[in-house]
Amino acid sequence: MLSILAWRNIWRNRNRSLITMASIAGAVMLSVVTTSLQKGVFDNLIRNLVSLYTGYVQVHGIGYWDEQTLDNSFEINDSIRDAVSRTPGVTGVAARLEAFALASAGEKTRGCLVVGIEPSGEDRLTRLQSKLEQGKFIADSSSEALVAEGLAAKLRLGVGDTLVLLSQGYYGSTAAGQYRIAGLLHFGSPDLNDRVCYLPLHVAQYWLDAPQRATALAISLDDPRDLRQTQAALRAGLPATLEVMSWEEMMPEIVQHIKTDTVGMYIFIAVLYLLISFGIFSTLLMMLSERRREFGMLVALGMRKGKIALMVLLESVWLALVGSLAGLLLSWPVVWYLTRYPIRVGGEFAKIYERFGFEAVFPATLYAPIFIEQTLVVLAVGLILAFYPAVQIMRLNPVAAMRQ
Amino acid sequence: MSTDMENQTVIDAHNLSKVYNPDTIPVNAVNGVHLHLERGEFTALVGPSGSGKTTLLNMIGGLDQPTTGKVIINGTDITALPPNALIDFRLHNIGFVFQAFNLIPVLTARENIEFIMLLQKIPAEERSRRVAELLLAVGLPNKADARPAQLSGGQQQRVAVARALASKPQFILADEPTANLDSHSASTLLDIMEKLNTDEHMTFLFSTHDQRVIDRARRVITLVDGSIASDTAPAGLRHS
């Protein structure tokens with residue numbers, strides 16, 4: 001009964017309630033769209049940087065991450081592979097042997113990152129083959145190279161040309177080799193696109209004189225939300241001479257960027273909700289002032305003040321609920337559209353992003369908890385704001401109120 | 001006083017006084033009033049504006065606390081009840097009819113009457129039956145689904161009477177019930193209340209200026225400056 005009464009009460013002043021609901025709907029829509037966009041951009045960023053290259057978890061020899069040299073590589077054997085593969089949540093493993101090298105072609109020379117990979121395993125992990133722009137992907141037994149097209153362009157190389165790589169091998173040996181380019185890869189991240197070159201693992205091991213060695217085991221997960229548990233399980237199952245690092249530990253600057261941006265978003269949303277709070281509060285105050293006499297009459301008739309306060313609280317909740325549901329209904333198609341057709345920016349803004357290694361693409365994400373959270377936040381705002389009228393009702397003197 | 005007589009007593013007010021602004025400029029709104037009402041009375045409380053009628057009615061109805069004295073309703077000293085118990089007591093024992101009708105505008109006539117019974121947690125079937133009876137008693141069986149704005153003043157006041165009766169109270173306090181009504185509506189309302197008084201022995205205490213009400217009352221108490229100036233009650237009911 002109270003709920004029905006509260007519902008009817010909010011329609012006493014239809015225009016005022018509609019304006020209040022519209023302001024709530026607008027705020028919810030804005031916060032849902034911006035939050036979905038932010039999460040979409042972060043997810044995209046993580047997918048780009050994590051799935052594309054580092055994997056969600058990596059296994060290294062102790063000390064490798066702090067000093068990334070071949071001297072800190074580790075010998076990879078079947079027992080290590082089995083231990084990783086058997087860990088719950090792990091869906092893919094790929095061994096890598098990484099080294100910085102000079103890439104040369106004719107009179108052109110560029111610094112690059114050479115990554116020795118198991119092509120089939122790497123493709124399962126990072127879908128590397130999908131980045132192929134020209135030529136063909138390499139087989140595990142191949143002796144050819146894959147080169148990022150930015151690097152190839154700088155060296156003026158194409159498919160079928162020969163790339164010369166010079167580096168320092170394991171324990172100070174000299175590493176030199178020339179490899180035919182099987183294909184060119186395109187990466188969204190300009191940093192990768194201008195610097196990466198792939199060789200089959202056995203070729204890289206031979207080139208660097210590091211047989212059976214790897215610098216990292218990159219691992220993909222069934223569900224990235226299980227990152228912590230999987231990391232702990234891997235630590236427990238591997239020798240103490242190996243370190244297990246999550247992408248968050250490997251790229252703390254990304255985590256920091258996400259945290260900073262999230263705080264900024266929270267402040268924006270807080271200001272937004274503060275503004276609509278004034279709207280809801282003024283509606284509640286006007287309602288309290290207009291109906292003081294009626295509240296006095298209800299107390300006189302035998303309705304406890306607590307029930308009247310509850311009724312007002314329900315009115316506030318109805319206002320917030322209808323407004324936020326309208327906001328959700330309005331925001332859903334916008335978020336859906338931005339998921340399907342992400343915002344792509346160009347010009348200087350894009351260059352700034354590219355300089356940091358990010359794609360200047362802003363997709364949204366249809367993530368149900370965002371919609372639920374915003375509804376709950378607005379309901380909480382409604383409840384908190386109804387507290388003041390509720391207190392006033394609890395202090396109501398029915399005789400004075402009816403005299404109004 | 002015999003046991004039978006005690007059982008008949010509905011309102012017993014002892015030495016009621018109400019002083020407003022006691023710390024600044026004291027105003028004696030009600031001054032040492034003794035009042036005794038028995039079941040089935042049809043009493044009008046009259047007096048000039050500012051004579052303390054409404055204040056006295058508010059104290060009897062438990063809406064206002066007296067400065068001194070006490071109000072005993074059907075054996076319960078309501079001046080000693082804690083706030084929530086007093087509200088519950090009003091819900092179950094006192095019916096109110098106000099000058100301005102004071103129906104809940106978003107509820108229909110049926111719902112306004114049913115509302116009180118909902119607060120009393122009366123089962124739906126009984127509520128429904130009683131609403132129908134009350135609407136019939138006040139002559140509005142065909143206005144059950146009308147909202148207050150769709151009813152005339154007289155009809156609204158009849159719904160208010162039905163609402164006051166819904167809780168099966170000990171008595172009904174009516175503050176200027178006919179003040180906002182035309183003579184025909186006032187007459188109809190008084191007919192209904194008189195019939196309820198005669199047929200069901202419902203006790204009515206009116207605060208009024210309206211001669212039409214005074215003419216129908218079987219007892220008239222006149223208040224002047226917060227004190228009872230005259231009381232036409234049988235001698236046994238009067239307090240000195």
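A residue is called buried if 20 or more other C-beta atoms lie within 10 Å of its own. Keep that cut-off in mind for the views below, and remember that this is a predicted model.

**View 1. Strand S8 of chain B, covered on both faces.** Let's start with a strand that has neighbours on either side. S8(B) spans residues 203-207, and five of its five residues are buried. On one side sit Thr203(B), Leu205(B) and Ser207(B), while Phe204(B) and Phe206(B) are on the other, and all of these are buried. So if you check any of them against the cut-off, you'll find 20 or more other C-beta atoms within 10 Å.

**View 2. The strands that pair with S8(B).** Which way do the partners run, parallel or antiparallel? Strand S3 of chain B, residues 42-46, pairs with S8(B) in the parallel sense over four bridges. Here you can spot Leu45(B) standing opposite Ser207(B). Strand S7 of chain B, residues 171-175, is also parallel to S8(B), and this pairing has five bridges. Look for Ile172(B), which stands opposite Phe204(B). To trace how the chain gets from S7(B) to S8(B), follow helix H7 of chain B, residues 183-200: the three elements make a right-handed β-α-β unit.

**View 3. Chain B as a whole.** Zoom out for a moment. Chain B has eight helices and 10 strands, and its C-alpha atoms fill a box of roughly 50 × 40 × 35 Å along the principal axes. A compact globule with 240 residues would have a radius of gyration near 18 Å, and chain B agrees because its own value is 18 Å. Of those 240 residues, 46% count as buried. Contacts also reach a long way along the sequence: among those in chain B with a separation of 6 or more, 72% join residues 24 or more positions apart.

**View 4. Leu91(B), a residue in contact with both chains.** Find helix H3 of chain B, residues 83-93, and you'll find Leu91(B) in it. Is Leu91(B) buried or partly exposed? Leu91(B) has 18 other C-beta atoms within 10 Å, so it is partly exposed. Setting aside neighbours within four places in sequence, Leu91(B) is in contact with Leu119(B), Gln120(B) and Ser167(B), plus Gly302(A) from the other chain. Ile116(B) is 25 residues away from Leu91(B) along the chain, yet their C-alpha atoms are separated by 7.5 Å.

**View 5. Where chain B touches chain A.** Here 16 residues of chain B are in contact with 14 residues of chain A. On the chain B side, H3 and helix H4 (109-119) each give two or more residues. Which of them gives the most? That would be H3(B), with five residues.

**View 6. The largest nonpolar core, with Cys197(A) in it.** This core has 178 residues, and those with the most contacts inside it are Ala145(A), Val147(A), Leu163(A) and Cys197(A). Helix H2 of chain A, residues 14-54, supplies the largest share, 15 residues. Why does the core lie between two domains? Domain 1 (2-49 + 254-403) and domain 2 (63-239) of chain A both give residues to it, so it lies between them. The centres of these two domains, taken over C-alpha atoms, are 48 Å apart. Close in on Cys197(A): leaving out residues up to four places away in sequence, it touches several residues, including Ala103(A), Cys112(A), Val114(A) and Leu151(A).

Methods. Residues numbered from 1 in each chain as written. Chains lettered and ligands numbered in written order. Predicted model: local features only at pLDDT ≥ 70, side-chain atom pairs only at ≥ 80, totals over all residues. Domains from an automatic or database assignment. Rg over C-alpha atoms; globule rule 2.2 N^0.38 Å. Buried ≥ 20, exposed ≤ 12 C-beta atoms within 10 Å, placed from the backbone. Contact = placed C-beta atoms within 7 Å. Core = buried A, V, L, I, M, F, W, Y, C linked by C-beta atoms within 7 Å. Pairing = 2+ DSSP bridges. Right-handed = clockwise from strand over helix to strand, strands pointing away.
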